[in-house]
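Biologist: Please take a close look at the metal site of this model and give a connected account of it. Where it helps, continue to the parts of the chain that you consider worth describing alongside it.

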Amino acid sequence: MKHIIIILLLLISFSAFAQTAENIIIITTDGFRWQEVFTGMDSAIANNKKFNQDDSAAIFKKYWSADATERRIKIMPFLWSMIEKNGQISGNRILNNKVDNANPYWFSYPGYNEIFTGYPDTAVNSNAYPPNPNSNLLEFLNRQPKYKNKVAAFGAWDAFDRILNEARGKFPVYSAFDLLGGIYPTATEKTINALAKDSYKPFGEAEVLDVFTHYGAMNYLQTKKPKVLYISYGETDEWAHAGRYKDYLDAANMVDKWIHDIWTYVQTDPFYKNKTAIFITTDHGRGDLKKEEWTSHGSDIKDAYQIWFAAMGPGIKAKGEVKTSQQLYQKQFAQTMATLLGLRFTAEHPVAEKIEISRD
Ligand SMILES: [Zn+2]
């Protein structure tokens with residue numbers, strides 16, 4: 001009898017270990033460096049007058065600690081508590097844990113193409129590239145009966161209509177200043193639409209401030225209950241290009257807060273609770289040379305191919321900060337995410353193999 005109970009307990013725990021997620025929320029923050037993710041604020045950059053807009057006192061007060069693990073918590077407190085405890089974070093090159101772009105360009109459209117198609121197509125070589133000929137994971141999921149019409153994407157940058165090929169994919173892509181709610185917006189959607197329309201537009205018409213993308217996505221999550229949701233934040237890249245280090249760190253800090261808000265909602269809503277995985281990454285890295293090139297990226301910027309990712313949820317092993325020597329690629333993310341949902345992503349183009357992040 002005792003033995004039967006033990007075997008039953010083993011079987012129950014085995015099925016819990018083997019579980020896959022029902023839903024996935026994919027989050028990217030554009031061009032946010034692994035250096036800040038793993039070691040926090042860089043004092044050499046923060047002290048440079050060119051990059052601190054005469055406000056180094058405030059930035060040190062908010063983000064500085066002599067200890068790197070203390071420092072990184074100040075920028076991303078949710079990542080370095082809940083996700084570190086219950087999920088995994090890869091890309092700390094100090095520990096020889098490497099995650100790279102496989103594409104040779106190290107800028108946005110090629111990076112997002114690589115994340116969602118699993119195929120670092122060298123023909124995709126411009127941010128002005130036309131609608132993506134390569135089919136992506138989101139449209140693949142939208143073709144599965146379980147996920148049909150339960151997929152949506154929200155991007156601060158207007159290029160996502162092309163990157164995700166909205167016309168072909170047949171799932172909604174709300175990018176930049178796209179109006180929420182179609183012809184019958186709810187009161188909340190009307191408010192978000194009006195606020196975005198009348199907001200400060202530091203990036204012109206091509207990119208909206210992250211706050212509008214976030215609240216649009218959050219409202220959609222709560223009211224439409226998508227099973228697959230992608231949210232792309234853009235300010236980390238924009239403020240870095242502008243050489244505004246405090247704004248760059250503040251943007252990342254806010255993304256971390258919003259991930260916390262998303263997770264809190266997910267874990268208190270019966271539709272999502274304990275059935276939803278989150279996958280967080282970036283499209284490309286940035287430079288570090290002479291503490292000057294952090295503002296930039298692209299194939300002429302040393303080390304701008306260096307990225308990171310984090311994941312948490314059902315079926316994902318709680319490895320915390322992954323400290324093993326390892327070489328992973330962005331092209332592996334698409335199949336990794338499909339695997340979290342118990343699916344195998346197939347397309348008309350090659351798809352790179354998954355990363356082993358599941359429980360074993
Ligand atoms: Zn950029």
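**The metal site and its surroundings**

Modeller: Asp 237 is buried, because its relative accessible area of 8% falls under the 20% limit. The model is a predicted one, and Asp 237 is among the protein donors of its zinc ion. Asp 237 supplies two OD atoms, while His 241 and His 297 each contribute NE2. These donors lie 2.0 to 2.5 Å from the zinc ion. Along the chain they follow the spacing D-x3-H-x55-H.

The beginning of that pattern falls within one helix: Asp 237 and His 241 both belong to α14 (residues 235-241), where they are four residues apart, about one turn of the helix. Their accessibility may be set side by side. Whereas Asp 237 is buried, His 241 is partly exposed, since its relative accessible area is 39%, a value between the 20% and 50% limits.

The geometry around the zinc ion is irregular, because the four donor atoms subtend angles of 56 to 148°. A tetrahedral assignment would require all angles to lie between 85 and 135 degrees, so the range of 56 to 148° rules it out. A square planar assignment would require opposite donors over 155 degrees apart, and the angles reach only 148°, so this class is excluded as well. For reference, the ideal angle for four tetrahedral donors is 109.5 degrees.

Turning from the metal to enclosed space, the model has one cavity of 30 Å³ or more, and the largest cavity has a volume of about 40 Å³. Its lining consists of Phe 154, Tyr 174, Leu 180, Gly 181, Glu 189, Gly 216, Asn 219, Tyr 220 and Lys 224. By class, four of these residues are nonpolar, three polar and two charged. Helix α13 (residues 210-224) gives the most to this lining, with four residues.

A further part to describe is strand β9 (residues 309-312), in which Phe 309 and Ala 311 point one way and Ala 310 and Met 312 the other, all of them buried. Strand β9 has antiparallel pairings with two strands: four bridges join it to β2 (residues 87-90), and four bridges also pair it with β7 (residues 276-281). Ala 311 takes part in both pairings, as the bridge partner of Gln 88 and as the residue opposite Phe 279.

Conventions:
Residues numbered from 1 in each chain as written. Predicted model: local features only at pLDDT ≥ 70, side-chain atom pairs only at ≥ 80, totals over all residues. Heavy atoms only, no water. Donors = N, O, S within 2.8 Å, 3.2 Å for Na, K, Ca; no water. Tetrahedral: all angles 85-135°; square planar, octahedral: opposite > 155°, others 65-115°. Buried < 20%, exposed > 50% of the residue type's maximum accessible area, 1.4 Å probe, protein only. 1 Å grid on protein atoms, 1.4 Å probe; cavity = no way out; pocket = protein on both sides within 12 Å on 5 of 7 lines; lining within 4 Å. Points joined across faces, edges and corners; volume = space filled by probe spheres on them. Nonpolar A, V, L, I, M, F, W, Y, C, P; charged D, E, K, R; others polar. Pairing = 2+ DSSP bridges.
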